[in-house]
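Reader: I am new to this structure and would like a close look at a single part of it. Could you take one helix, describe how it is built and what surrounds it, and then place it beside whatever else seems useful?

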Amino acid sequence: MSVHYTLNLRVFWPLVTGLCTALVCLYHVLRGSGGARAEPPDGADGGFPLLKVAVLLLLGYILLRCRHALRQRFLPGSPRLGGHSAFSPRHFGEPSLGILLESYYEHEVRLSPHVLGHSKAHVSRIVGELVRAGRAHGSPGPIPGGGLALAFRGDFIQVGSAYEQHKIRRPDGFDVLVPLRLPPLVALEPRSLGTEPALAPAFHGCFVCALKAPLGASGSHWLRDCKPFADGFCVDVRGRRHLSATLVLRWFQSHLQRSLATVRYSLEGRCRVSLTPGGLEQPPTLHILPCRTDYGCCRLSMAVRLIPAVHLGDGVFLVAPPLPPSPVGPLSELPGGLRADALWSVNTSRQEQKLLGCLQERAPPGACYLKCLQLFKALRDLGARGLDPTAAAQWGRILSSYVLKTVLLAVLLRDRAAEQGWDEAHLVRRLEELVQFLRDCLLRRQTLFHCVLGPGGAAAEVGPLPKVLREAAPVDLLAAFDRHARELAAARLLSTWRRLPQLLRAYGGPRYLARCPPPRSQRTQGFPKDEP
């Protein structure tokens with residue numbers, strides 16, 4: 001669902017005309033009923049003011065319609081200008097790619113800051129109450145009432161594109177990290193798997209977390225006291241107890257359900273809430289539908305992904321890893337005694353938000369970093385049109401929003417001296433630069449490293465990092481995909497860019513639909529059959 005502040009004149013002006021006419025009629029009816037005994041003088045026409053106002057409103061509507069028709073007639077590239085020899089085709093040809101991108105951005109990509117702000121405010125209030133209730137309620141997990149159980153820390157961290165100002169199209173999807181508090185007797189010893197030679201590249205960005213005794217704790221007594229926690233939340237890996245992402249997620253869902261039952265009654269007057277359990281593919285999702293708001297346009301159904309997170313230090317969190325692509329084989333066949341349910345992924349959203357903020361602060365006025373990223377994501381969505389569900393899912397995994405954001409950060413950090421060239425006038429050139437850089441990464445001409453877990457990376461920009469991250473091997477975000485999938489994605493990306501004007505005219509709004517014949521199928525909307 002897209003929400004825009006684009007005025008539809010075909011509806012707006014007739015509505016205003018009808019409303020004004022109704023108000024004038026109501027005024028005269030009330031005036032006539034109040035002064036019915038006062039007869040008008042001879043020769044006076046009591047209906048003249050009403051008729052005069054109605055005629056003026058009708059005339060104003062006709063003039064506005066004529067103005068709109070003239071603007072449409074003399075838009076660049078209009079077919080009506082084909083037979084006019086007084087106008088040069090050079091000046092009135094098809095609109096340029098910059099104009100098409102600007103129109104598409106305004107009609108299909110840009111979100112209203114007002115609507116997005118109200119949606120984020122609703123999410124913040126509801127999730128805040130839920131998390132505080134979960135903290136006060138205690139642990140419903142495998143150790144009821146015990147001191148060696150997980151618990152909510154009491155706060156939440158807003159992450160994702162909605163909070164980094166580059167969300168597109170959908171103002172109703174949000175990601176929230178819910179930090180968990182470990183018992184005082186439990187400490188973690190995280191370790192990166194980037195140097196495991198037998199592991200597939202898809203797992204080089206994963207971590208495992210072994211339990212260890214905190215400083216000053218006796219080993220034998222600690223093992224005995226920590227056994228209830230280890231039995232409920234850990235699995236054995238190579239003879240040591242490791243925190244299990246699967247068991248933590250199972251406890252997290254159960255605790256969320258009980259916390260939601262606690263606050264549901266207090267939320268009934270403001271919104272309707274429901275919880276969809278998560279699984280291997282995604283975390284639990286909280287659905288929020290406000291019952292009343294100050295503006296009707298902000299009554300949106302919002303889906304909030306609640307992600308359990310274990311704090312690693314310095315604003316870095318461990319979360320459950322996403323499913324790897326299918327070519328790496330079943331998760332049960334990990335070498336070296338590793339277990340899939342003991343794997344964790346690192347979340348550096350805090351550092352990435354800080355890096356984007358630093359780049360924005362240093363950027364000159366009018367820089368189009370985020371706008372370029374939004375259009376880059378829109379181009380990705382246009383490239384998915386016409387694909388079957390399996391191919392579209394693979395396209396979305398390879399060109400995920402995180403990959404596209406990393407491409408932007410890599411180009412910005414690489415071209416620090418070229419910051420002056422990121423203004424609106426160079427939008428098309430910068431977007432083409434991002435497309436070319438991603439194509440080179442897909443074809444292995446360059447490597448797309450994680451912006452924090454990369455060589456050099458952005459460590460100087462994001463501040464201190466935990467030792468385990470500083471010592472971790474660089475992570476290639478595209479290493480999980482095989483050569484064939486990457487070549488197909490690169491070919492389709494390049495084909496999408498080459499046919500971008502045609503795609504924008506087909507999907508860029510009513511102004512350009514009139515200039516394009518209706519395509520016969522989705523396959524013909526920008527991609528011939530011989531293209532990938």
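Author: In this predicted model, helix α11 has 16 residues, which at 1.5 Å a residue should span 22 Å, and its end C-alpha atoms are 23 Å apart, so the length agrees with expectation. The buried residues of α11 include nonpolar ones such as L427, L431, L434, V435, F437, L438 and L442, but also R430, E433 and D440. These buried residues pack against α3, α8, α9, α10 (401-414) and α14. Just after the helix comes R444, whose phi is positive, near 65 degrees.

One of those partners, α14 (residues 483-498), can be read in the same way: its 16 residues should span 22 Å at 1.5 Å a residue, and the 23 Å between its end C-alpha atoms agrees with this. Among the buried residues of α14 are A485, A489, A490, L493 and W497, together with R486, R492, S495 and T496. The buried residues of α14 pack against α11 (427-442) in turn, and also against α3 (97-109), α8 (369-383), α9 (389-398) and α15 (500-507).

For the wider setting, it helps to recall that in soluble globular proteins nonpolar side chains tend to be buried together. The largest nonpolar core here has 115 residues, and L243, L286 and L306 are those with the most contacts inside it. Leaving aside neighbours within four places in sequence, L306 is in contact with residues including V127, L130, V176, V178, F252 and L256, as well as P283, P284 and L286. A second, separate core has 12 residues, among them F203, V235, L338 and A342.

Methods:
Residues are numbered from 1 along each chain as its sequence is written. This is a predicted model: local features need pLDDT of at least 70, side-chain atom pairs count only at pLDDT 80 or more; totals for chains, interfaces and linings use all residues. Side-chain values use heavy atoms; hydrogens and water are left out. A nonpolar core is a set of buried Ala, Val, Leu, Ile, Met, Phe, Trp, Tyr and Cys residues joined through side-chain atoms within 4.5 Å. Buried means under 20% relative accessible area, exposed over 50%, partly exposed in between (1.4 Å probe, protein chains only). Contact means heavy atoms within 4.5 Å. Helices (H or I, at least four residues) and strands (E, at least two) are DSSP runs, numbered from the N terminus. The expected span of a helix is 1.5 Å times one less than its number of residues.
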